[in-house]
Amino acid sequence: MFARKTIKEVLKEFNSNLEMGLSQKESEIQREKFGFNQLETKKPKSLLSMFFAQLNDILIYILIAAAVISALLGETSDAVIIAIVIVINATVGIIQESKAEKALDALKKLSTPNAVVKRGGEVKEIPSREVVPGDIIIIDAGRYVPCDLRLLETANLKIQESTLTGESVPVDKDATLVLTGDDIPLGDQKNMLFMSTLATYGRGIGIAVSTGMNTEIGKIAKMLDEKVDTETPLQKKLAQLGKFLGIGALFICALMFVVGVLQKRDLFEMLLTSISLAVAAIPEGLPAIVTIVLAMGVQKMIKKNAIVRKLPAVETLGSVNIICSDKTGTLTQNKMTITKFYAGDSLGNIETLNLNDKEQKLLLENLILCNDSTYSENSKTGDPTEIALLVAGAQSDIFKDDLEKKHPRIDEIPFESDRKLMTTVNKYDDEYYVMTKGAIDNLLNICTKAYIKGNIVPITPEIKKDIIAISNNMSDDALRVLGAAYKILKTNHVDIDSLESDLILIGLVGMIDPPRLEVRDSIAICHASGIKTVMITGDHQNTAFAIAKELNITNDSKAVMSGTELDRISDEELNNRIDNIRVFARVSPEHKVKIIKAFKSKGNIVSMTGDGVNDAPSLKIANIGVAMGITGTDVAKGAADMVLMDDNFSTIVAAIKEGRNIFRNIKKTVIFLISCNVGEIIALFFAILLGWASPLRPIHILWVNLITDTLPALALGIDPGDPDVMKYKPRNPKDSLFKNGILSLALNGLLIGILTLAAFIIGAKYYSGDLNLFPLFPKGLKPDALEHAQTMAFVVLSCSQLIHSLNMRNEKKSIFQIGLFSNKYLIGSIILGLMLQIFIITIPPLASAFSVHALSMNDWGFVTILSLMPLILNEIVKMFKRLSSKTLKN
Ligand code: ATP
């Protein structure tokens, strides 16, 4: 047990050391020996069990029974075709399922955290799975512990261990402890850290002692195999709808069966027809199609740098009407460069900083020592604000490593966005310097003196006014301002609580962080699509407003509200004013929660960005919590619905656009499937009800279902997005999926049904020689003529559905406007469907298996015209829609 060993013993055991860590070579040897640092997951399901899972459906059972009965009755070809349909259906199901699963797996991999290790003397960030026993690991607030560690150093480190011990309060850790006794409970091992627990505060360094399945969590890894509800609200709604439609379809099929029996039709034929219609008309594939469209959409988003962690987010994204965004790094480039400094009464460009000047030298030393980042020519880790300070130091030939050796850190209070301050205590010969840096307004509150021209003087109101004016001038130029202060302690007996008080102000620095160029365009897009952009930042209001002006978020200084004002006003007043606020400045993470609640109370769908430990609550309550992939902590990523790989605002807008398109595609697919099913039901039900012969044989129905419900439906699901999608207002999430679609669904279903019946009647009349209009359907049809008529109905049913899929691509635009070939998958699946249909009719063995008749040129002419009708009629309707919206606009 490593908790009982001293640091020296543990380091010796792993042949590692704090300064250098393992070399790359040593780490490779360790990996050979111990494998990757990952928990083994469940074994993937076998193909066979996936196949049987697909068959586990009451309708499929009935279909199998029907196939068996057909075979017993000598209808071998029917039995074989039904069997083929079942197998193809199951195969398609498996492909869909595994594709969706793969996409989700890829997502999981992408969002696994990284670890900061020291290898070969250099600090670097690597994927957690590459950590090996013996690695020196650096842990800071917001980071997951990548494996089990024996601590070597700690600075106020607090760890949330609830995943392991159930203890919900973070526990203090201490590297200096060496425990005694046997069987020390995990919760008491204060000098150890355990895999997948979380640092909530402070900093620590440890050595990896066990990885992967050898860790404490690995030993109980089975507990992690929890089942999570992955169904999205839309999937749930669609599953309900599917059930509802299914019951409707079953009812109609049963009714049809009863009518057929009363009409003394062939009992088995009627049973088979009803079952086939039920199988075809019940949209059991709806949730599966939605999953695959969502999963493929998610893949597409990854290419645009947005990782969606929770599938429902894809749906919600399309309805977002307010984007609340951080400033630093999201709207700006996070490429901080110090440009100005002020110390000892002199203000200047950073290049003119003079190390012979005592105040200026102390300013730089303060900013480098009170700093947790690292910077060397080859690598940098940590907060860009702090890295900028190290870069400025390097330019004056002061390097953190050297300086820290001279003035070692003996204590610290980490930076927190609530305090907006950070403090370290460093040894200067026999004295101890308290070095504090942070937001200038917060710093001034705890400074009582200032270091000016070699003297330490009390801060008078005049001095304070001067400093604020200098800082405001920098802020107005969009500079981020950071102040520095210090005090000297005579002993190393540090009272943490009183460190940040009674300080001496040294000076300040201003750094530029240019806005991201592409963000201006994204904000314009948001504006055009009814999405409001709101900046929420910890930075000073002047800096925030200057950037907001540059990015066209607002030009109105009244649209800026500060954190202090937020604290002052009531929830009610905030609700009244919030619609006009575009910039919230100097806010802390708690304010973010208040802001989102106010926006949400007005029915808005809000997306919120965040990166820190304290941002987790606001990320959770926002409709879409967005975490930063580069600068974000593991906690923020864990709480978010989406992670931005590039921390870029424009990525949020791209994701919203994708979300809108995905929703539209799902809508297209669902409406397409249901309208086709309605067509099938109408054709059969009416023919039976009117006492006509059945226009379709059971296997025809199954076949049509197979070629339209699979590929064309999926191809619609991945339709290329409408380039104008960001010109519309956000979708109201309460709107039904069928909004503006139900009429078209019903009419097109009716149309397909009528066209099929028309083909049937035309065939019957033509081949019976009875050309009178009434009776509509000739009586006493010969088997040959019936087969002919059925063949025509069969071809029209399948081809009109295939053609109708083109109509679904856009509600208003003509297929020729959006480009007939712009969805190659759809065109491919239509051509494939048509070809298969033609093969069935023209290749004799297939034709006899499907009991179809060869068609003459005239017949083909008829069925072609009928099958094109949905396209022609829908194009005409769309033309009127476009004309009327044009007149409305005028
Ligand atoms: P955003 O929320 O838009 O990312 P931000 O990054 O500026 O804004 P915070 O990180 O909360 O927000 O920073 C707020 C203020 O705290 C900054 O304006 C700066 O003055 C100060 N600050 C930022 N980082 C540090 C740090 N590492 N040490 C000390 N002070 C800091």
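**Ligand shell and internal cavities**

Student: Which strand gives the largest share of the shell around the ligand?

Tutor: β19, with three residues. Strands here are DSSP runs (E, at least two residues) and helices are runs of H or I (at least four residues), numbered from the N terminus. A residue is near the ligand if one of its heavy atoms lies within 4 Å of it.

Student: What sort of model is this?

Tutor: A predicted one: local features need pLDDT of at least 70, side-chain atom pairs count only at pLDDT 80 or more, and totals for chains, interfaces and linings use all residues. Residues are numbered from 1 along each chain as its sequence is written, and side-chain values use heavy atoms, with hydrogens and water left out.

Student: Back to the ligand. Which residues come nearest?

Tutor: K327, T328, K437, R480 and D539, out of 20 around the ligand.

Student: What polar contacts are there with T328, V481 and T537?

Tutor: Polar contacts are pairs of N or O atoms within 3.5 Å. A polar backbone atom of T328 sits 3.0 Å from a ligand oxygen. For V481, a backbone N or O atom is 3.2 Å from a ligand oxygen. T537 uses a polar side-chain atom, 3.1 Å from an oxygen of the ligand.

Student: How much of the ligand does the protein cover?

Tutor: 92% of the 610 Å² of accessible area that the ligand has on its own. Areas come from the Shrake-Rupley method with a 1.4 Å probe.

Student: Why does the ligand lie between two domains?

Tutor: Domain 3 (306-333 + 516-647) and domain 4 (338-512) both give residues to the shell, so the ligand lies between them. The bounds come from an automatic or database domain assignment.

Student: New topic. How many cavities are there of 30 Å³ or more?

Tutor: Two. A cavity is a set of points on a 1 Å grid over the protein atoms alone where a 1.4 Å probe fits but cannot get out, and lining residues have an atom within 4 Å of a point. Points are joined across faces, edges and corners, and the volume is the space filled by probe spheres set on them.

Student: What volume does the largest have, and which elements supply its lining?

Tutor: About 60 Å³. β17 (447-452), α16 (461-476) and β20 (503-512) each supply at least two lining residues.

Student: And the second largest: what volume, and which helix gives the most?

Tutor: About 40 Å³. α12 gives the most, with four residues. The lining includes I338, Q360 and V509.

Technical notes
1 Å grid on protein atoms, 1.4 Å probe; cavity = no way out; pocket = protein on both sides within 12 Å on 5 of 7 lines; lining within 4 Å. Polar contact = N/O pair within 3.5 Å; in protein donor to acceptor, adjacent residues only side chain to side chain.
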